[in-house]
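Load the model in your viewer and keep a selection prompt ready. The stops below can be taken in order.

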Amino acid sequence: MALNAASHNSAGVKTGPVSGQPPSASQETTAALLGASRDDPMGQHEGGQDRGDKEAPQKIKTEKELEKERKKAEKQKKFDEKKAKTTNTPATPGTSKTKEKKAKQDTAKEEPLPDFEWYVGTGKKKELRSFDDPLYKAYIPKAVESEWYAWWEKSGFFEPEFGPDGKVKSKGYFVIVEPPPNVTGALHMGHALPNALQDAMIRWNRMRGLTTLWLPGCDHAGISTQAVVEKMIMRKEGKSRHDLGRTALVEKIWEWKDTYHKNINMALKRMGGSFDWTREAFTMNPTFSAAVTETFCKLHEEGLIYRSNRLVNWCTALNTTLSNLEVDSKMLEGRTLLDVPGYDKKIEFGVITHFQYEIEGSHEKIEVATTRPETMLGDTGIAVNPKDERYKHLIGKHATHPFVRRRLPIITDDYVDMEFGTGAVKMTPAHDPNDFEIGKRHGLDFINILNDDGTMNHNTGEFQGTRRFDARYKVIAALKERGLYVKWENNPMNVPLCQKSKDVIEPIMKPQWWMKMKGGLADAAIDVVRDKKILIKPEKSEKDYFRWMENINDWCLSRQLWWGHQPPAYFVNIEGDPGEDADGERWVTGRTQEAAEEKARAKFPGKKITLTRDPDVLDTWFSSGLWPFGTLGWPEKTTDFEKLYPTSVLETGWDILFFWVARMIMFGVKMTGQVPFTEVYCHSLVRDSEGRKMSKSLGNVIDPLDVMGGITLQALHDKLKVGNLDPKELATATKFQKTSFPDGIPECGADALRFSLVNYTTGGGDINFDIKQMHGYRKFCNKIYQATKYVLGKLDASFKPQEHPTKTGHESLAELWILHKFNTATAEVNAALAAREFSQATRVTYEYWYNHLCDVYIENSKSIIQDGTPAEQESAKQTLYTALEGGLTMIHPFMPFLTEELWQRLPRRPNDTCPSIVKAAYPEHRPELDDSAAEEAYELILAVSKSIRSIAAEYAIKENANVHIQLFTDSAHKTCTSQLPSIKSLSGKPMLGPEASISLLSSTAPKPAGCVAQAVNADAAVYLVVKGRIDIDAEIQKAKTRLDKASEGVSKQRKIIEGLEKAGKMDGEVGEAERRRLEDARKEVEVLEGSMGQFERLKLE
């Protein structure tokens, strides 16, 4: 099979169009090339592989070579005999030619690979297999990635390395605490993205010589985990949590946690995350629980945590309070029917219902309106604006409630908008935030009408026991019966929904624990960001942070769950004085129950008391807010806390900036006196291919393990069935999978997954998942693999790399160019990673590997390595080694497995005892490798060669091309004169054939006759002789189109320069680059105009 040598793709894998690289050079060209290399002290480019020459004298072969040829001939003879038998056997009657052809193709297929599954390893260093092994001939991710991780972990490579004095290294430290995934199930792409980014930063800083720590851990995720386990128990056993009891339910959740915790950790290892597992944390372990207890007690003692009976967001489906951040708003334009958990029929929202109350002692009525008719059962007043003339005669009077014995005072408040609705507002202080504030101002009664399960309670009279939305319709019907119903209207509104259950949230009054935000914790957290003690990137996220923090409300800490941290708070039961649960004075806190009892006795001396611990648990984000320092051992003064705190970077999603980041900053500053980290980087969110947020119910949640290992469509469907999806959700999810992954997900490997995710991260908008792009990066991995395989084949056992990556003094122009490109890439990648420009870092490494090392230098080094002088060969090999070794270490933070596999196969430099690329030094910019002159010269050679290939392809001239190169500067003429053999070699097939030729023209030489032209840049143009080989009229039209486009380009470039000049931005490199672009565009127009004239003359010749 003929393969594209430049592609390095495995056999059978399609490549892109081959416009970049030529085939191997002839021996004649190679000889000329090598001669020029030896004669030119500036260094020369060496071309492609020798094609051989029939007239050249035969090389005398060794006995070993002759034996090899003999065996090859015998093997070919047997194959020919077998083929002859097959040919002589008559075809089966009725067999079509298509089937015969397919049968031949099937027999030509390679033997299938042996079964192989990825495994983490035993901890023993991986034994490298030969590239002849079936699993290692081409790049197979699961083979390359197996075994390395366990060895890395067992060797302690991921643990922080301190100096001889026990302190952090002289270069400093770099610490990230992993944003803890929830133990609710498998990881998804939303976890894979931040882990790829964080590991890239950790590996980069480790290789730069810093003391590094990436601390792993999981979050207990109170609401999410309990909800998942409760749903599973109900489905399997038909039991609720109350049927089981608190102890039994918590035991089952711990079992769930242990199983999924292991799965999560294995997935993180599969991705190559360089975590220090010896320091793994969990938000419910004893050490972390001590941090939670200390924080709650200290803040309660200082009055920052308090007890109060206030409105909370109540989820009847989960039976717990939620914070504002855990509630989504669904905007409705008008009447809409919505699904509500627990109801078979959809419920009406987006309407406002008008009805009347009768005025006590008269026949007069007052009209009010509400979007929640059922809440009228909790009305305790009616408010009007004091300036509203319509109701002045009613102020101070009472309305009567039609369903319960209750008088409703008519009050005035400036909050009431006279222009909205009827100007009279029903007051339900116990179920509406605005009514709550008005009710407090006017001393209205606060009457709760709901049980925790969403049914109407004893305060609702005849409606007691009715579900809230059933009560909605019954109330309307009852109002109609009493002649009090007026009408309904469409009403745009926001419906509050629980993020977890999608249930409609009910404002309910409950005694809870609250934390004061303004005037203390929030102000300090704002100051440290404003003073740049913490940098938040990108800038938009910082603005969002300030906007939220400056409008923050007190935080409700209580959750009515069983899984989580119980607050160390105790209600003091006093004999003969039952007290109120909402009375903060009847509560004490203690780091132990004994300490709480001591506080209670001191607070209520001489009283007979007992303590009852609060049965609720704390909001998960309370414990998560302690993550940066609680994981390092605080409140104890541990070595890790003393040496590695504050941490360096928090890398997270912008969507939890307020949930988590703000709270960590508040807690960190308050509890430790220091910021918890010095930088926050907010990455984008990963959405599906249609731009939707990933959700299990939509079936668009992608498991990184499926991307790394590949999965069939049927297996994707099967995974849906083991979840908690209801039949409707299952159908939706299955449909999405069929559409998005009709052939399943191909095996991409961890390195391709990581590289693509980092490449996605531009600091801009959200990311749409694209499996094709990820699979494309698997091909890039194969390119690296095959390139390294080729280089290793050229470095024999006698090769000894130099002690340092320096020049040999015998470099060709191509070598000087690749060393300069490597040095430039090194500087750019380091700068990009330091600036958190992740996409830029991967773009530079990709360009270096693909466009510079593989597609140019490796191809163009072949002839020198094969036929150069010993000094030239040695220089080429040293350069090849430096370029390859540097490329592997450069890309290692993004592709750890592939780079370790290949780096371990390289010979080591003298005195290099580094055991793993994990600990190898990251490449740094070396001024001695800079050579902008060589870069400019070689870029001209590449550009000229590319133009020759391009123009020859355009006019379908496949060989025996006659080319003239006109050069407009002395330096360009000198470069091309010395590098003419290189140009011919790089120009590829058009320059093959006995009549092929290249000549150079000075800037003043007349345009050659019978040619078409193509501008290279302002320094050069290429002319291809086409007379007698093309259709002149067709080409005149083609040239005219190109000239029009080029002229338009000149006009656009002039406008760009005019704009920059007006803005005063034409100084320095920017101005120089734009002027250069204009000059190149003008030169293109000039060349095309000349070409047009040539075509016209060709018609006359």
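What follows is a walk through a predicted model, from the whole chain to single strands and helices.

**Whole chain**

Start with everything selected and colour by secondary structure. The chain has 34 helices and 33 strands. Next, colour by relative accessible area: of the 1101 residues, 53% count as buried. For a contact map, take pairs of residues at least 6 apart in sequence; 78% of these contacts join residues at least 24 apart.

**An open sheet**

Select strands 6, 5, 18 and 20. These 4 strands form an open sheet in the order 6-5-18-20, and the pairing is antiparallel. Which strands stand at the edges? They are strand 6 (320–322) and strand 20 (555–556); each has a single partner strand, so one side of each is left without a neighbour in the sheet.

Now keep strand 20 and add strand 18, residues 506–515. The two pair in the antiparallel sense over 2 bridges. To find the pairing at residue level, show M515, which stands opposite W555 of strand 20.

**A helix pair**

Select residues 750–760 for helix 23 and residues 896–903 for helix 29. Their axes are 7 Å apart and the packing angle is about 125°. An angle between 115 and 145 degrees falls in the oblique class, and helix 23 and helix 29 are therefore oblique to each other. Show side chains for the contact: helix 23 contributes A750, D751 and R754, while helix 29 contributes P896, F897 and L898. By type, the contact residues of this pair comprise 4 nonpolar and 2 charged, with no polar ones.

**A hairpin**

Move to residues 1011–1017, which are strand 32. Is this strand buried or exposed? With the cut-off for buried at under 20% relative accessible area, 7 of its 7 residues are buried, so strand 32 is largely enclosed by the rest of the structure.

Extend the selection to strand 33, residues 1020–1025. A hairpin of 2 residues links strand 32 to strand 33. The two strands run antiparallel and are joined by 6 bridges. One place to check the register is C1011, whose bridge partner in strand 33 is V1025.

**An annotated segment**

Finish with residues 1071–1098, which UniProt lists as "coiled-coil region" in an unreviewed entry. In the model, this stretch is 100% helix and 0% strand. A distance label between its end C-alpha atoms should read 40 Å.

Key: Residues are numbered from 1 along each chain as its sequence is written. This is a predicted model: local features need pLDDT of at least 70, side-chain atom pairs count only at pLDDT 80 or more; totals for chains, interfaces and linings use all residues. Side-chain values use heavy atoms; hydrogens and water are left out. Buried means under 20% relative accessible area, exposed over 50%, partly exposed in between (1.4 Å probe, protein chains only). Two strands pair if DSSP finds at least two bridges between them. Axes are lines fitted to C-alpha atoms, for helices over the stretch in contact, and angles run from 0 to 180 degrees between N-to-C directions. Angles under 35 degrees count as roughly parallel, over 145 as roughly antiparallel, 65 to 115 as roughly perpendicular and the rest as oblique. Contact means heavy atoms within 4.5 Å. Ala, Val, Leu, Ile, Met, Phe, Trp, Tyr, Cys and Pro count as nonpolar, Asp, Glu, Lys and Arg as charged, and the others, Gly among them, as polar. UniProt positions are given in the numbering used here, feature names are shortened, and annotations may be inferred rather than shown by experiment.
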